[in-house]
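Student: I would like a close look at a single part of this model, taken slowly and with the numbers kept in view. Please treat it as one connected account.

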Amino acid sequence: MSANTVIDVQDLRVRVGAARIVNDVSFKVERGQTLGIVGESGSGKSMTVLAATGLIDAPSAKVSGTSMLDGQNLIGLRRSKLEKIYGERIGFIFQDPATSLNPVLTLERQLTEGPEAHLGITRRAARRRALDLLEAVGIPDPEPRLAAYPHQLSGGMKQRVMIAVALACDPALLIADEPTTALDVTTQAQIISLVRSLQERLGMGVVWISHDLGVISGVAEEVSVLYGGQVVEHTAITDIFNNPLHPYTQGLLRARPYLGGAQEELVTIPGSPPDPKNLPKGCVFYDRCPVRLDSRCETELPPLTDVGDGHLVRSFCATSGGENVRNAWEGTRV
Amino acid sequence: MSEVRNSQPANRDEPVLLSVQNLQVHFAVRGAAGKQTVHAVEDISFDLKRGETLGLVGESGSGKSTIANALMRLEDPTGGRIMLEGIDIATLRGSDLKSVRRRLAMVFQDPFSALNPRQRIGLSIAEPLVVHKLANGGAERSKRVRELLDLVNLPAHFADRFPHELSGGQRQRVCIARALAGDPDIMILDEATASLDVSVQAQIMNLLKDLQRRLGLTYLFVSHDLAAVEYMSHRVLVMYLGRLMEISPRDELYTQSAHPYTRALLAAIPLADPVAERSRERTLLEGEVPSPLNPPSGCVFRTRCPIAVDECSEVVPAAIEVGEDHNSACIRVPVAQEL
Ligand SMILES: Nc1ncnc2c1ncn2[C@@H]1O[C@H](COP(=O)(O)OP(=O)(O)OP(=O)(O)O)[C@@H](O)[C@H]1O
Ligand SMILES: [Mg+2]
């Protein structure tokens, strides 16, 4: 693990009863870098980061693998130690600010509590910090806002305050789980540019989860594509757009309209994602794949293979399917 | 512009099917300051031509759903007219309203709450047939339900299923089938694909396009997703805080918008090209949408507009013609075009 690695997750698995939600997911995040995780609903995006940060503690959920941060494995770590780590090292922002803002505390309290406890600074210093943070997240004239409660803010404002709270202790790692999904595009653009500029200033590592490759294109340096709880492809952000290898990634890119996209017909991936209680034996995408090969795709789980320059892909079609695999969806329709 | 895009049918010469004139919808609310008025929709006019798709975009709270609901008469307009081939449906009541209602159908965002969970799919789809007395007897009804299921590419045996046995995309197909049951001319699609996963969204958008071609349907496609609107629409209407900002044929809107708000919206959409996305020069809108209880005087966008001048607070700008079929409600069109 290099000195710059903020979090290193290996072989993460999550099972809830018979459902295999996360299957053998590994990733690393470096200081100042953003890893994008994309996938559709049910692909295991949120469960991956919740498990990696030790946040899944339901007795029915079984988590295995390692997730190293500051030399400690977060998986299976005692609650009290985890809480200290959340306070000092990891910030979270979610789609719904209601889940991380406390409705009965003023903004001042929410913004000063962490720093007072974890950075050992005085209340006055914490208050000054809170004002700086609110300003940094684009809340003009923050002084009178300190006494406000979350319900007195608009959706976009709440999102900003949540970011301020997440950053209050200068975290090494920021987990952003669909933080802009519920927002309008104009607010989304504000939040994206805000997180990027704060990241430049503070050098934190970010894991940004989204179902929208467009958003990921604006925030991430590297991206993992999740499907059926597995990483099916991982590579540099430019590569995902210019040279996607997994038929699922290609389909995802062509199923979505883009601005000025000049598409007459979107690719439609037939069927729907697999049921985690009943994952296929071989390739997770087998049922829906337009270029699946032979019985091997059906019966054997393809390994996540490096095809060069750290471009990883989990697909027999992509690693041994020849040229036609670059255009898996050519000629398919509805 | 590619050739592919031009293969969209030109609808300029099609007859007007529905003409919305100076539509206004106000809601009376009781707040801390006593009785107040929500200016949800203010002086909106547009035509729907037969066989076209008009995209309706705007941020949350801009009044898109209120327009959709007013056209369906789920909400009563407080002003203006909604002319359906010469009849003002804004004020119709009783059986007149019922007979006109068959001609418009609506599909909502959430296919989970739109279907009765205790009712088999076939029965849900048949509802409009019963309401509008469009089928004689059970056999004819079942036959029509099978046809409708087939139209939306679902197998006939789905008629016997319950909503919970279906995926989100399948349920949305059922909602579309039900909307088609009354054989409407106009379909109002209010965020009809918004709650679906990307791959499923594409299935539904393609299905809608396909149905339009086959059945000659006219769509009002309401969405906050400008890329989806671009994909679906022939023309696009952009609104902000209850008012029309710009209305234009699609390609002109996306390439030569003449309104600062449309330009700001387009600038906010992430590009699919990470290199271009990061190097792009753009001005992001600051601040937030003002309250519809007390919209700004003059142009409602002026408080966030990068090119506003004093005059903008004085009069509500008229939608002036800036090109064929292309209108912009801005007094600084030449400056806006340079943004
Ligand atoms: N029944 C109602 N009573 C009072 N205010 C209402 C009512 N319905 C809508 N509004 C208000 O009217 C305005 C327009 O709302 P509308 O739902 O039409 O927006 P929208 O463009 O559809 O937004 P979204 O993208 O969030 O669906 C909003 O300010 C909303 O709060
Ligand atoms: Mg709406």
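How much area is buried between chain B and chain A, and what percentage of that area do carbon and sulfur atoms give?

Tutor: The model is a predicted one, and everything that follows should be read with that in mind. The area buried between chain B and chain A comes to about 3,500 Å², and carbon and sulfur atoms give 56% of that area. On the side of chain B, the residues that lose the most area to chain A are B:Val198, B:Tyr231 and B:Arg278, which together make up 17% of what that side buries. Counted by residues, the contact involves 41 residues of chain B and 46 residues of chain A.

The polar part of the interface can be taken next. One salt bridge is found by the rule across the interface of chain B and chain A, and it joins the side chains of B:Arg278 and A:Glu221, with an N to O distance of 3.7 Å. B:Arg278 is thus named twice, once for this salt bridge and once among the residues of chain B that lose the most area to chain A. Across the interface of chain B and chain A there are also 13 residue pairs in polar contact, with both residues at pLDDT 80 or more.

As for the elements involved, those that give two or more residues to the side of chain B that touches chain A are α1 (3-6), α7 (198-215), α8 (226-232), α10 (260-268) and α11 (274-279) of chain B. Of these, α7(B) provides the largest share of that side, with eight residues. Sorted by class, the side of chain B that touches chain A holds 20 nonpolar, nine polar and 12 charged residues.

The nonpolar interior adds to this picture. The largest nonpolar core has 130 residues, and those with the most contacts inside it are A:Ile163, A:Trp208, B:Ile176, B:Leu180 and B:Met187. It is again α7(B) that gives the most, eight residues, to this core. For B:Leu180, leaving aside neighbours within four places in sequence, the residues in contact are B:Arg144, B:Leu148, B:Leu151, B:Val152, B:Met187, B:Leu211, B:Leu215 and B:Leu217. A second core of 34 residues, separate from the largest one, includes A:Ile7, A:Leu74, A:Tyr86 and A:Ile209.

Terms used. Residues are numbered from 1 along each chain as its sequence is written. Chains are lettered from A and ligands numbered from 1 in the order in which they are written. This is a predicted model: local features need pLDDT of at least 70, side-chain atom pairs count only at pLDDT 80 or more; totals for chains, interfaces and linings use all residues. Side-chain values use heavy atoms; hydrogens and water are left out. Contact means heavy atoms within 4.5 Å. Buried area is the accessible area (1.4 Å probe) that two parts lose on being put together, summed over both. A salt bridge is a side-chain nitrogen of Lys or Arg within 4 Å of a carboxyl oxygen of Asp or Glu. A polar contact is a pair of N or O atoms within 3.5 Å; within protein, one must be able to donate a hydrogen and the other to accept it, and residues adjacent in sequence count only if both atoms are side-chain atoms. Helices (H or I, at least four residues) and strands (E, at least two) are DSSP runs, numbered from the N terminus. Ala, Val, Leu, Ile, Met, Phe, Trp, Tyr, Cys and Pro count as nonpolar, Asp, Glu, Lys and Arg as charged, and the others, Gly among them, as polar. A nonpolar core is a set of buried Ala, Val, Leu, Ile, Met, Phe, Trp, Tyr and Cys residues joined through side-chain atoms within 4.5 Å. Buried means under 20% relative accessible area, exposed over 50%, partly exposed in between (1.4 Å probe, protein chains only).
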